[in-house]
Amino acid sequence: PGLADRLEASSARKPLVLPNAVNTRLFDPCVAYPRPADLPEGQRILVYVGALWGEWFDWGLVGYLADSNPDAHIVLIGDYRGQAPFQKGNVHFLGLKAQKELPAYLAHSDAALLPWKVTVITQATSPLKIYEYLAMRLPVVTPSLEPLRDMPGVFPCDSREEFSRLAGSVARHQLDEGELAGFIQRHNWSSRVEELLGYLDRKQ
């Protein structure tokens, strides 16, 4: 939305905002996925999928989360080459995974994370992973980012203490299945294409 406002101000034209979406044929919560062999065993699995590079990734928050939830396993899936400034026994780096492998990891996790800093960049993003997390009916703990406001199943936080507390407590049963199913129906790639085609038809 922030980028759209800038474009409208500079061009005097109303932009069409199409956020990211999810491939619901791949991320299907009704499938019985086998547990991945490299996913740690434990009572609580917290997962993040995505880039582990960039100034917006909050390693300090991940370290605090690990220390304040010692019984939870924090699983980071992405291109890891030693970026973390710490070594903690309950933080696990599983490396890059093919997209088709991701639903199984999400299906066997308890909550999803977005450990990002709040910056100009992150306030102008549409994280693809959020839609994939929600499609798999995972509660998502995030910083307070404007693009994620009012998304069902997203738990925004204003401090690392709140982030840690929610990451250690939110559960799937807290999600409204009907609300979430409707949200995913409106935010899959088929819906995005239909919205774009409708926009183009109106312009002709």
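A search of the whole predicted model finds 8 salt bridges. Three of the pairs are described here.

In one, the side chain of R137 meets that of E177, with an N to O distance of 3.0 Å. R137 lies in the loop between α4 (128-135) and β5 (140-143), whereas E177 belongs to helix α6 (residues 177-186), so the pair ties together parts that are 40 residues apart in sequence. R137 has a relative accessible area of 16% and is therefore buried, the limit being 20%. E177 is partly exposed, at 46%.

A second salt bridge joins the side chains of R81 and D79, at 3.2 Å from N to O. R81 has a relative accessibility of 63%, so it counts as exposed. D79, at 22%, is partly exposed.

A third joins K14 to E8 through their side chains, with 3.6 Å from N to O. K14 is exposed, with a relative accessible area of 60%. E8 is partly exposed, with 30%.

Disulfides are absent: the structure holds 0 of them. A disulfide is a covalent bond between the sulfur atoms of two cysteines. Two cysteines were examined for accessibility. C30 reaches 71% relative accessibility and so counts as exposed. C157 has a relative accessible area of 5%, which means that it is buried.

The fold was examined next. The secondary structure of the chain comes to 7 helices and 6 strands. From the N terminus on, the order of elements is α-β-α-β-β-α-β-α-β-β-α-α-α. The run thus opens with a helix followed by a strand, and it closes with three helices in succession. Among the contacts with a separation of 6 or more, 69% are between residues 24 or more positions apart.

The overall dimensions were also computed. For 204 residues, a compact globule would have a radius of gyration near 17 Å; the chain has 18 Å, so the two agree. Along its principal axes, the C-alpha trace spans about 60 × 35 × 30 Å. The chain exposes about 10,900 Å². Carbon and sulfur atoms supply 52% of that area. Of the 204 residues in the chain, 45% are buried.

The interior was then considered. The largest nonpolar core contains 58 residues. Within this core, Y48, L113, I130, Y133 and L134 touch the most other members. The contacts of Y133 were listed without residues up to four places away in sequence. On that basis, Y133 touches V47, Y48 and V49. Y133 also touches L106, A112 and L113, together with L138 and V140. Two of these partners, Y48 and L113, are named with Y133 among the core members that touch the most others.

A buried serine, S164, completes the account. S164 is placed in helix α5, which covers residues 160-167. Its relative accessibility is 4%, so S164 counts as buried. Neighbours within four places in sequence were again left aside for the contacts of S164. The remaining partners of S164 are Y64, L65, S68 and N69.

Note on methods:
Residues numbered from 1 in each chain as written. Predicted model: local features only at pLDDT ≥ 70, side-chain atom pairs only at ≥ 80, totals over all residues. Heavy atoms only, no water. Helix = DSSP H or I, 4+ residues; strand = E, 2+ residues; numbered from the N terminus. Buried < 20%, exposed > 50% of the residue type's maximum accessible area, 1.4 Å probe, protein only. Contact = heavy atoms within 4.5 Å. Disulfide = S-S within 2.5 Å. Salt bridge = Lys/Arg side-chain N within 4 Å of Asp/Glu carboxyl O. Core = buried A, V, L, I, M, F, W, Y, C linked by side-chain atoms within 4.5 Å. Rg over C-alpha atoms; globule rule 2.2 N^0.38 Å. Areas by Shrake-Rupley, 256 points an atom, 1.4 Å probe, with all protein chains shown as cover.
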